[in-house]
Structures are given as structure tokens and as C-alpha cells.
Amino acid sequence: MSQENLNLFLETQLGLSPDAIGLEVMSRAIDAHKSECGCEGHGDYLRQLKDSRKQQEKLIADVVVPETWFFRNRKSFDFLIEHVKTEWQTEHKKGPLRILSIPCSSGEEPYSIAMALIDSGFPENRLRIDAVDINAELIEKAKRAVYHESSFRVDDLSFRERYFEKESGEYRLSERIKQTVHFMRGNILSEPFVGNASAYDVIFCRNLLIYMSPSGRKKTFDVISRLLKKNGVVFLGHAERQIAPEHGFIFIHRPGVFACRRDRWSVNRSPHAPSKNRHRPRQRLFEKAAKALRSFPPPPSQPSMGSHDPIIPAEEAARTVNDEAHFFDRVQRLADEGALPSACRLCQDFLNKHPAHIQANFLMGLIYEALDEAHHAEEFFNKTIYLDPCHPHALAHLAFIVEAQGDEEKAMHLRKRAQRLHSGENYGLRQ
């Protein structure tokens with residue numbers, strides 16, 4: 001039985017997209033699982049996958065990177081507080097505020113939700129947070145609620161002083177916050193997901209859809225639609241906002257906030273909402289970026305940036321890419337492992353030596369985008385476009401950033417440029 005049959009099962013039954021995850025990452029995981037199971041070929045392994053939900057969930061857990069930290073994208077939590085205070089509480093004088101976090105990873109997201117709302121004055125006895133992940137080890141870590149420095153990456157760490165105790169270089173969360181979150185193991189694509197739970201007022205489903213096949217995304221939005229109250233709000237990841245309109249949701253236009261609602265009146269759909277024909281979401285960008293950096297031939301002529309940013313001649317640029325291929329492999333590996341700050345530092349080292357390298361600037365923009373640092377991402381996407389005005393992906397990513405800032409006219413202009421270039425693109429990442 002061929003690899004194609006296995007990939008078909010992964011896409012149609014498990015909702016995974018091998019292309020989005022990365023073919024090399026998926027292949028390594030499958031080889032490791034085949035060895036553990038004693039399977040000789042893809043056919044034997046596929047039969048085991050079909051017969052064992054445990055094996056299915058183990059594979060999913062191994063290929064989905066649990067990159068998380070407390071208050072990741074702080075603006076989303078600020079908007080959550082605003083929504084609860086100005087809208088939800090006016091309609092709900094009594095009863096609990098129900099929130100779902102899926103996937104919850106090691107707990108940083110649901111605990112951030114709890115801390116944000118409690119700090120805003122929301123009564124703890126009305127707060128109900130369910131947190132679900134497919135990875136049993138991460139669920140146990142979340143329940144222990146003991147964290148290392150890597151979980152604290154935001155500038156304002158005052159919440160750590162209020163809610164954590166330092167013990168031997170680690171930070172233990174207070175019981176007060178722990179008691180607000182109920183953790184469960186589960187797979188959003190398996191029935192029945194969260195059983196007969198009541199509908200939720202808010203759902204956080206960030207950075208899950210980027211790993212999924214089209215059928216997996218549809219099933220996920222079907223579940224979200226079933227679990228979300230009529231006026232509920234869904235928070236998605238930065239790279240996932242272009243998916244929502246394809247599944248009956250419209251985005252709330254608020255700079256830096258990637259939240260959406262059910263689109264109940266099609267006449268109110270924003271004319272700037274991405275259509276089904278627009279670019280697919282980012283697909284394992286760091287793997288694709290590393291491949292592009294190894295093979296990208298710069299255009300024969302480029303605009304001058306002045307003496308401080310010399311343009312790399314074509315032959316020198318090609319030689320640089322070949323010489324530094326292992327360097328970008330390291331960037332890719334660090335990104336796959338979730339060590340984005342380290343990947344960022346390595347990429348910056350390369351740019352210090354080669355400041356006008358087109359794809360290195362684009363890669364830096366992607367890293368900052370994944371770190372939810374839109375200002376820095378915007379800077380590097382702009383520089384990429386300065387070096388190569390015909391770089392469709394830099395244009396597309398910049399369009400989403402300026403749209404989040406509220407400049408819809410500029411975003412539409414950038415998106416149209418990207419669309420015109422996309423069909424005949426020769427450079428950058430192929431979606």
C-alpha cells in the first residue's frame with residue numbers, strides 16, 4: 001500500500017494535511033511510529049491506525065507543535081475583557097460565562113483567560129473554562145501548572161507576581177487560578193466532542209486549523225458552530241483568519257485581534273472578507289521557507305538601497321544560499337521545536353551579514369508574525385517588497401497586517417497586487 005493511500009487516510013479521517021505539517025516532519029513521525037508498532041510497511045501501519053484511536057491521537061500529538069506562552073497576543077485578551085464587560089454582561093445578569101480553549105496545550109492559554117478576567121473584576125464564581133487537548137502528557141502538565149521561563153515571554157509580567165510562586169527556578173500557579181479551569185483529553189474531530197456540554201460564549205481555537213486538511217477544517221468549524229452560542233465569539237490564530245469566511249464566520253475588525261462571529265446575515269458580510277479563491281493559509285512556513293532559501297535565484301537586477309544596505313549580486317547571492325543552507329536548516333529545526341526566539345536570533349545574525357537577502361528578510365517577517373509581533377513583521381515584509389516588488393507572499397502577509405490595523409483600503413490594494421502576481425509567481429513560497 002502506497003504513501004498516497006496513507007496520506008489520503010490522514011487527510012480524510014484524521015483531518016491532517018501532510019503538506020501543511022511538512023512532508024519531512026510527517027514522514028519522520030510515521031517512521032518512528034512504524035518502528036514502535038513493529039510495522040514493516042505503510043500498509044501494516046495504516047491498518048493499525050484504522051483500528052486504534054490511541055495510535056491516531058498519538059500521531060496527531062507528535063506532529064502538531066504545542067507552541068504557547070502566557071498572554072500570547074495580549075490584544076486578544078484585552079478584547080475578551082471588553083467583549084465580556086460591554087456586551088456579554090449586559091445580556092447575562094446571572095449565570096456562568098462559559099469559555100472553551102481547544103487545543104489548550106500545557107495550559108498557558110486557559111490560565112491566561114482566567115487571570116485576565118479575574119484581574120478585570122469578573123466574579124470567579126461565574127467563570128467556567130473548559131480546556132481540551134489531544135495530548136495526554138500536555139494535559140497532565142497543565143494540571144500540575146508548574147512552568148519554566150519559556151512560558152513567560154511578554155513584557156508585562158506583573159501577573160506572575162500576583163499568581164505564581166517561584167520554586168527552584170520554576171513557577172507554580174496559585175490554586176485560585178487552577179480551580180477555574182477544567183481540563184479534558186479529547187479530539188475535536190472525534191464524536192462526541194465534549195459530550196453534551198452546554199454551548200459556549202467564547203471559544204479559543206488558535207493555531208490548530210493551520211495543520212488541517214480542507215475536510216478537517218470543515219469538520220472543526222462544524223463542531224465550533226454546534227458548540228458556540230448564537231452571539232458567541234471565536235478567537236483564531238493570526239495565520240488562520242482567512243479561513244473563517246469560507247465556513248460562515250466574519251471577522252471583527254479590531255487591530256491586532258483575530259476574533260470572529262457567526263455570519264448570520266450574508267448582506268452584512270464585509271466586502272473585504274477573503275473569498276474561497278484567495279490564498280490558502282500558511283502551510284508549515286518554516287519548512288517551506290528553508291527550502292526556498294536553498295533554491296531561490298534572485299532576480300538579475302534589484303533596486304539600490306544605498307551604501308548601508310548593499311544589494312547582493314546574483315552569483316554571490318546564489319553562493320551565499322548554498323554556503324548557508326545548513327544555517328537555515330537550523331532555523332527550521334528551531335522553529336519546528338517551538339524555539340522561535342532562537343530562530344529569530346539566528347536569522348538576524350544572517351541578515352547582519354547579508355541585509356539585502358530577499359528570502360531571509362521574508363523569513364524574518366514570518367518568524368515575527370508567528371511570535372505575534374506584527375510591528376516587526378511589517379518592517380521585514382516591507383523590506384522584502386522593497387527588494388522585490390513582485391514578491392506575492394510578502395504582499396499577502398503585509399495585507400493582513402495592515403487590515404488588522406484598520407486600513408482596509410491599503411490591505412485591499414496589497415491583496416490585489418498579490419493576486420495578480422500569484423498565478424505567475426517565480427519567487428518565494430508556493431502555497
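## Exercises on a predicted model

In this structure, which is a predicted model, Glu-167 has Glu-170 in strand 5 as its bridge partner.

### Exercise 1: A sheet of three strands

Find the order of the strands in the open sheet of three strands, and state which strands lie at its edges.

Solution. Begin with the pairing of strand 4 and strand 5 (residues 170-173), which run antiparallel and are joined by four bridges. Next, place this pair in the open sheet, where the three strands follow the order 3-5-4 with antiparallel pairing. Finally, look for strands that pair on one side only: these are strand 3 (146-147) and strand 4 (164-167), and they are therefore the edge strands. As background, strands of a sheet pair through backbone hydrogen bonds, in either a parallel or an antiparallel manner.

### Exercise 2: Three salt bridges

A search of the whole structure finds 16 salt bridges. For the pairs Asp-31 and Lys-34, Glu-36 and Lys-58, and Lys-229 and Asp-201, work out where the partners lie and whether each is buried, partly exposed or exposed.

Solution. Take the pair of Asp-31 and Lys-34 to begin with, whose side chains meet at 3.8 Å, N to O. Both residues belong to helix 3 (residues 23-37), and because they are three residues apart there, about one helical turn separates them. Asp-31 has a relative accessibility of 41% and so counts as partly exposed, whereas Lys-34, at 12%, counts as buried because buried means under 20%.

Turn next to Glu-36 and Lys-58, whose side chains form a salt bridge with an N to O distance of 3.3 Å. Glu-36 lies in helix 3 and Lys-58 in helix 5 (residues 53-63), so this pair ties together parts that are 22 residues apart in sequence. With a relative accessible area of 56%, Glu-36 is exposed, while Lys-58 counts as partly exposed at 31%.

The remaining pair is Lys-229 and Asp-201, in which the closest N and O atoms are 3.1 Å apart. Here Lys-229 lies in strand 8 (residues 228-235) and Asp-201 in strand 7, so the salt bridge ties together parts that are 28 residues apart in sequence. Lys-229 is partly exposed at 27% relative accessibility, but Asp-201 is buried, with a relative accessible area of 4%.

### Exercise 3: A residue in a loop

Describe where Asn-187 is found, and decide whether Asn-187 is buried or exposed.

Solution. Locate Asn-187 in the loop that lies between strand 6 (181-185) and strand 7 (200-204). Then consider its relative accessibility of 13%, which means that Asn-187 counts as buried, the cut-off being under 20%. To complete the picture, leave out residues up to four places away in sequence, and the residues that Asn-187 touches are Glu-57, Ile-60, Ile-134 and Phe-193.

### Exercise 4: The largest pocket

Describe the largest pocket by its space, its lining residues and the helix that gives the largest share of the lining.

Solution. Start with the space, which is about 710 Å³. The lining consists of 28 residues, and those closest to the centre of the pocket are Asn-73, Arg-74, Leu-371, Asp-372 and Glu-373. Among the elements that give two or more residues to this lining are helix 6 (74-91), helix 15 (340-353) and helix 17 (374-387). Helix 17 provides the largest share, three residues. Lastly, sort the lining residues by their character, which gives 13 nonpolar, five polar and ten charged residues.

Methods:
Residues are numbered from 1 along each chain as its sequence is written. This is a predicted model: local features need pLDDT of at least 70, side-chain atom pairs count only at pLDDT 80 or more; totals for chains, interfaces and linings use all residues. Side-chain values use heavy atoms; hydrogens and water are left out. On a 1 Å grid over the protein atoms alone, a cavity is a set of points where a 1.4 Å probe fits but cannot get out, and a pocket is an open set with protein on both sides within 12 Å along at least five of seven lines; lining residues have an atom within 4 Å of a point. Grid points are joined across faces, edges and corners, and a volume is the space filled by probe spheres set on the points. Ala, Val, Leu, Ile, Met, Phe, Trp, Tyr, Cys and Pro count as nonpolar, Asp, Glu, Lys and Arg as charged, and the others, Gly among them, as polar. Buried means under 20% relative accessible area, exposed over 50%, partly exposed in between (1.4 Å probe, protein chains only). Contact means heavy atoms within 4.5 Å. A salt bridge is a side-chain nitrogen of Lys or Arg within 4 Å of a carboxyl oxygen of Asp or Glu. Two strands pair if DSSP finds at least two bridges between them.
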